[in-house]
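I opened the file to look up two things, a pocket and a sheet. My notes follow in the order of looking.

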Amino acid sequence: MIPVKTEDEIRSMRESANLLVQTFKHLEEYIEPGIKTKKLDKIAEEAIRFGGGVPSFKGYRGYPASICVSIDEQVVHGIPGDRIIKEGSIVSIDIGVLLNGFHSDAANSYGIGELSEAKQQLMESTRTALHRGIRKCRAGNRLYDISNAIQTHVEARGFQVVRELVGHGIGREMHEEPQIPNYGSPHHGPKLKPGMIFAIEPMVNMGGYEVNVLEDGWTVQTQDGKPSAHFEHTVLITDGKPEILTLGIEN
Ligand code: MF3
Ligand code: CO
């Protein structure tokens, strides 16, 4: 069963998502060449705790940090460390916040300085694919309408969606039903209802969709070493237009 949130629960989800947006806005000031990824982790964790929240990722299945920082060929789940942010990179930052018993989850990819034309197109296609998916978040549509909208947009631009990782329902748990693949057939899957809340997160590769997990047990990277981008929003299904609870992280 896909959970349907009450008005009270939705209010709490909005508060959690607001703290997440504030965290991104604060962190963005520091995302520039020369900074170590572990510094970004520290800044984000402090912002979350300052707002009364807890980083959702820290300790999740043993994950050792508060955020994920995934650079270029790293797709998702990059562990912050001594790596230094450099010009020309795509830096994807994924953050989860737990506030008053509710999780919110969002990710944004940042181009550092001048990006190649191909990397710019990859980022823009991934961002737009996310919004194509969000547009399908309407009561009465079916789940894989979202998946199909994302896949169609990405493949029309010559890129590939990652298959092995999916979006998800979110609320009292960071990962709730349903799983939301970034590929699928339209008019299939469960019907969407007002009060459902989804974390939609296309991961898009410039080359093939195949990925591997590094020896650290977390970092997912492209098999062919080509770059990847990732954008994610927490989205509420309503009676009308979808409400993007994490609106504002993309500036
Ligand atoms: N935002 C990711 C997700 O939705 C990251 C969670 S993995 C973690 O699954 F270990 F870093 F928490
Ligand atoms: Co997520």
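Before quoting a pocket I fix the term: a pocket is an open set of points on a 1 Å grid over the protein atoms alone, with protein on both sides within 12 Å along at least five of seven lines. I also note that this is a predicted model.

Entry on the pocket. I looked up the volume of the largest pocket and found about 470 Å³. I then listed its lining, which has 22 residues; Tyr 60, His 77, Leu 165, His 168 and His 175 are the closest to the centre. By class, I noted 11 nonpolar residues in this lining, together with six polar and five charged.

Which strand gives the largest share of the lining? I found S8, with three residues. Strand S8 spans 176-180, and both S8 and strand S7 (167-169) supply at least two lining residues each.

Entry on the sheet. I traced an open sheet of three strands, ordered S6-S10-S13, with antiparallel pairing. Why do S6 and S13 each have one side without a neighbour in the sheet? Strand S6 (160-161) and strand S13 (228-230) are at the edges and have a single partner strand each, so one side of each stays unpaired in the sheet.

I checked the pairing of S10 (residues 203-205) with S13: the two run antiparallel and are joined by three bridges. In this pairing I found Met 203 opposite His 230 of S13. I then looked for what packs on the sheet and found helix H3 (residues 117-135), which touches S10 and S13. The direction of H3 makes about 30° with that of S13.

Technical notes: Residues numbered from 1 in each chain as written. Chains lettered and ligands numbered in written order. Predicted model: local features only at pLDDT ≥ 70, side-chain atom pairs only at ≥ 80, totals over all residues. Heavy atoms only, no water. Pairing = 2+ DSSP bridges. Helix = DSSP H or I, 4+ residues; strand = E, 2+ residues; numbered from the N terminus. Contact = heavy atoms within 4.5 Å. Axes fitted to C-alpha atoms, helices over the stretch in contact; angles between N-to-C directions. 1 Å grid on protein atoms, 1.4 Å probe; cavity = no way out; pocket = protein on both sides within 12 Å on 5 of 7 lines; lining within 4 Å. Points joined across faces, edges and corners; volume = space filled by probe spheres on them. Nonpolar A, V, L, I, M, F, W, Y, C, P; charged D, E, K, R; others polar.
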